[in-house]
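Reader: I am in my first year and would like to take a close look at a single part of this protein. Could you walk me through one helix and what lies around it, step by step?

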Amino acid sequence: MRSIIEIDLNVLEENYTAIYNYLKKPIIAVVKSNAYGHGLVPITNALIHMGVTSFAVATLEEAIILRRNFNSITIILLEPSTEFSKLFSYRITLSVS
């Protein structure tokens, strides 16, 4: 048996808008693990069109994929990393844990 999950981007936008309207603050979208299996680049692209400008990812590989596809967003890396030259060259923000 195979499972299929469909993402309704209209509902995603409704959820984002509801949260944003309640908080009135910028939101960091967590798109780690390939946007939880829904597609890192397509989900990030949809969220950018909704107004999100900051994204958190789990791995340096995901961060680099985002940077190669989206130049003007803020990318926050959640995992520890000592690859400072890559972090700097791809303009990735390292989190402190």
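**A helix and its surroundings**

Author: Let us begin with the way two helices cross, where α3 passes α4 in a right-handed crossing. This is a predicted model, and what follows should be read as a description of that model. Helix α3 covers residues 40–50 and helix α4 covers residues 60–69, and their axes come within 10 Å and cross at roughly 55 degrees. Because of that angle, α3 counts as oblique to α4. In general, two packed helices are described by the angle between their axes and by the distance between the axes.

Which residues form the contact between α3 and α4? From α3 come L40, V41 and T44, and they meet E62, I65, L66 and N69 of α4. Sorted by class, this contact holds 4 nonpolar, 2 polar and 1 charged residues.

One of these residues, I65, can be followed a little further, and its place is in helix α4. I65 is partly exposed, because its relative accessible area is 33%. When the neighbours within four places in sequence are left aside, I65 is in contact with L40 and V41. I65 and L40 are 25 residues apart in sequence, while their C-alpha atoms are 8.5 Å apart in space.

Now consider the buried side of the same helix: the buried residues of α4 are L60, E62, A63, I64, L66 and R67. These buried residues pack against the helices α2 (32–37), α3 and α5 (84–89), and also against the strands β2, β3 (74–77) and β4.

Since strands have now entered the picture, the sheet deserves a closer look. It is an open sheet of 4 strands in the order β1-β2-β3-β4, and the pairing is parallel. The edge strands are β1 (28–30) and β4 (92–94), each of which pairs on one side only. From one strand to the next, the twist averages 30 degrees. Between β1 and strand β2, which spans residues 54–57, there are 3 bridges, and the two strands run parallel. Across this pair, A29 stands opposite F55 in β2.

Helix α3 has a further partner in α1 (residues 9–23), and these two helices pack at an angle of about 50 degrees with their axes 11 Å apart. That angle is why α1 is called oblique to α3. Here, too, the crossing is described by its hand, and α1 passes α3 in a right-handed crossing. On the α1 side the contact involves L9, L12, E13 and Y16, which meet I43, A46, L47 and M50 in α3. By class, the contact of α1 with α3 has 7 nonpolar, no polar and 1 charged residues.

Finally, two residues around these helices have a backbone angle worth noticing. A35 lies in helix α2, one of the elements against which the buried residues of α4 pack. A35 is not a glycine, although its phi is positive at about 55 degrees. Is A35 buried or exposed? Its relative accessible area is 5%, and therefore A35 is buried. K24 is found in the loop between α1 and β1, and its phi, near 55 degrees, is a positive value in a residue other than glycine. K24 counts as exposed because its relative accessibility is 59%.

Terms used. Residues numbered from 1 in each chain as written. Predicted model: local features only at pLDDT ≥ 70, side-chain atom pairs only at ≥ 80, totals over all residues. Heavy atoms only, no water. Axes fitted to C-alpha atoms, helices over the stretch in contact; angles between N-to-C directions. Parallel < 35°, antiparallel > 145°, perpendicular 65-115°, else oblique. Left-handed = near helix turned anticlockwise from the far one by under 90°. Contact = heavy atoms within 4.5 Å. Nonpolar A, V, L, I, M, F, W, Y, C, P; charged D, E, K, R; others polar. Pairing = 2+ DSSP bridges. Buried < 20%, exposed > 50% of the residue type's maximum accessible area, 1.4 Å probe, protein only.
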